[in-house]
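The following paragraphs lead the reader through one protein chain, from its overall make-up to individual contacts. Please keep the sequence and the coordinates at hand while reading.

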Amino acid sequence: MTRIIFSLLFSVATLLSSGAIAAPAALADNAPDSYTVVRGDTLWGISGRFLKEPWRWPEVWRLNREQIRNPHLIYPGQIIVLDRSGPYLTIGRRVGEQKLQPQVYNEPLETAIATIPMQAIEPFLTKPLVIDEARLAQAGTIVATETSRVYMGPGDTIFAKNIKGEQKVWQVFRPAKPLVDPQTHEVLGYEAAFLGTARVTEPGTPATLEIVESVEEVGTGDRLIEAGAPEVFSYVPHAPDKAVEGRLIGIYRGVTETGRNSVVTLNIGSRDGLERGHVLALHRNRGAVVYKDDEGNKESFVLPEKRFGLAMVFRVFDRVAYALVMDTDGPATIGDSVRKP
């Protein structure tokens, strides 16, 4: 599969429907005049070479809303050129020593530069993560294992109900824990623990499946859901159009605090206007204090929150989303707030 990359000038449509940006994006210290893309780069990293705020990428590329969701991809070997009058970024190719010429590129999609480090988020793009009540009720269920063994691994046979349709490959998961909103105490969904994949060898009720891979042992009662196709995360980093307010309700691997390039769970999702590619500011909750003066009088104060980093949303469910911590000057902890930057 190929994508045609149109260079030098993208659409002049403005990013925000609310109007023009008040101040131009600030250039990074020692921003280069041009940069040659290499394998392993990310859109965020490339943007950070030119801008102090990498999430303002759409402004300097002059992208419209459709291009943000389905961007013209960037490939290794292309040259990013900086026009400081905007500033603006464009793609060109060197001709001779000095001259830069606009080009049309035709490259395999799989070589495209991802938005953020794929190794940090790949399991979260293809594996089931959040299962709501309705989807959990429709999921397949392992009802028996071959020779009544308790736990199974790759190459073993399992039998499951509710395996419908023409789908051949299924993901095996175990509902690990409910995701609870810290303010309303409402269950937003169930976080799924990925166990492996299985392939249907004989349809029926129950269907017969062979375990293809497993990261944990698979047993009776574990659930199955249709496997999704892998994808390249190529959404352009951008701020939400409207105000967004949410909190960190979980950190991958069950720790209580984390740092850069770590995955966090948010208590907001698509119904709150969140979409893939949204960049959110992290705000630390400093808590409250009680001040007692010399006369014994007490006053309570809620300390102002402090902005300490950025996170980028890469997968969105109805009421929950996953984001990658991109920049931080301290640990992100459960209960911290996220807002439009």
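The chain contains 5 helices and 25 strands. The model is a predicted one. Of its 341 residues, 45% count as buried. The accessible surface of the chain amounts to about 17300 Å², and carbon and sulfur atoms contribute 50% of that area. Among contacts with a separation of 6 or more, 70% are between residues 24 or more positions apart.

Which strands form the closed barrel? The barrel consists of 6 strands in the order 16-18-23-22-19-25, with antiparallel pairing. From one strand to the next, the twist averages 45°. Within the barrel, strand 16 (residues 245-251) and strand 18 (residues 263-266) run antiparallel and are joined by 3 bridges. Ile251 stands opposite Val264 of strand 18.

Strand 18 also holds Thr265. Is this residue, Thr265, buried or exposed? Thr265 has a relative accessible area of 3% and, because buried means under 20%, it belongs to the buried class. Apart from its neighbours within four places in sequence, Thr265 is in contact with Leu179, Glu191, Arg247, Leu248, Ile249, Gly250, Val320, Ala321 and Tyr322. Of these partners, Arg247, Leu248, Ile249 and Gly250 fall within strand 16, while Ala321 and Tyr322 fall within strand 23 (residues 321-328). The list therefore includes residues of strands that appear on either side of strand 18 in the barrel order.

A second antiparallel pairing is found earlier in the chain, where strand 2 (residues 34-36) and strand 3 are connected over 3 bridges. Thr36 stands opposite Ile79 in strand 3. Strand 3 (residues 79-83) is largely enclosed by the rest of the structure, because 4 of its 5 residues are buried.

The loops contain several backbone features that merit inspection. Most residues other than glycine have a negative phi, and most peptide bonds are trans. Gly86 and Pro87, however, are joined by a cis peptide bond with omega of about -5°, and Pro87 is placed in the loop between strand 3 and strand 4 (88-95). Another cis peptide bond joins Thr205 and Pro206, with omega of about 5°; Pro206 is found in the loop between strand 12 (187-202) and strand 13 (207-214).

Positive phi values occur at two asparagines. Asn162 has a phi of about 60° although it is not a glycine, and its position is in the loop between strand 10 (157-161) and strand 11 (169-180). Asn162 is partly exposed, its relative accessible area being 29%. For Asn261, also not a glycine, phi is about 65°. Asn261 lies in the loop between strand 17 (257-258) and strand 18, and is partly exposed with a relative accessible area of 34%.

Side chains of opposite charge can pair when their charged atoms come close. How many salt bridges does the model contain? The count comes to 11 salt bridges. One of them joins the side chains of Asp29 and Lys52, at 3.9 Å from N to O. Asp29 lies in the loop between strand 1 (2-6) and strand 2, and Lys52 in the loop between helix 1 (43-50) and helix 2 (57-61), so the pair ties together parts that are 23 residues apart in sequence. Both Asp29 and Lys52 are exposed.

Asp33 forms a salt bridge with Arg84, with the closest N and O atoms 3.0 Å apart. This pair links distant parts of the chain, 51 residues apart: Asp33 is in the loop between strand 1 and strand 2, and Arg84 in the loop between strand 3 and strand 4. Asp33 is exposed, with a relative accessible area of 52%, whereas Arg84 is partly exposed at 43%.

In the salt bridge between Asp327 and Arg260, the closest N and O atoms are 4.0 Å apart. Since Asp327 lies in strand 23 and Arg260 in the loop between strand 17 and strand 18, the pair ties together parts that are 67 residues apart in sequence. Asp327 is partly exposed at 27% relative accessible area, and Arg260 is exposed at 52%. Elsewhere, Glu53, Arg56 and Glu59 are linked in a network of salt bridges.

The surface also carries a nonpolar patch formed by Val289, Tyr291, Phe301 and Leu303, which together have about 330 Å² of accessible area. Leu303 lies in the loop between strand 21 (298-302) and strand 22 (306-316), and is partly exposed with a relative accessible area of 31%.

Note on methods:
Residues numbered from 1 in each chain as written. Predicted model: local features only at pLDDT ≥ 70, side-chain atom pairs only at ≥ 80, totals over all residues. Heavy atoms only, no water. Patch = residues over 30% accessible without salt bridge, like charges linked within 9 Å, V, L, I, M, F, W, Y side chains within 5 Å. Areas by Shrake-Rupley, 256 points an atom, 1.4 Å probe, with all protein chains shown as cover. Buried < 20%, exposed > 50% of the residue type's maximum accessible area, 1.4 Å probe, protein only. Pairing = 2+ DSSP bridges. Axes fitted to C-alpha atoms, helices over the stretch in contact; angles between N-to-C directions. Contact = heavy atoms within 4.5 Å.
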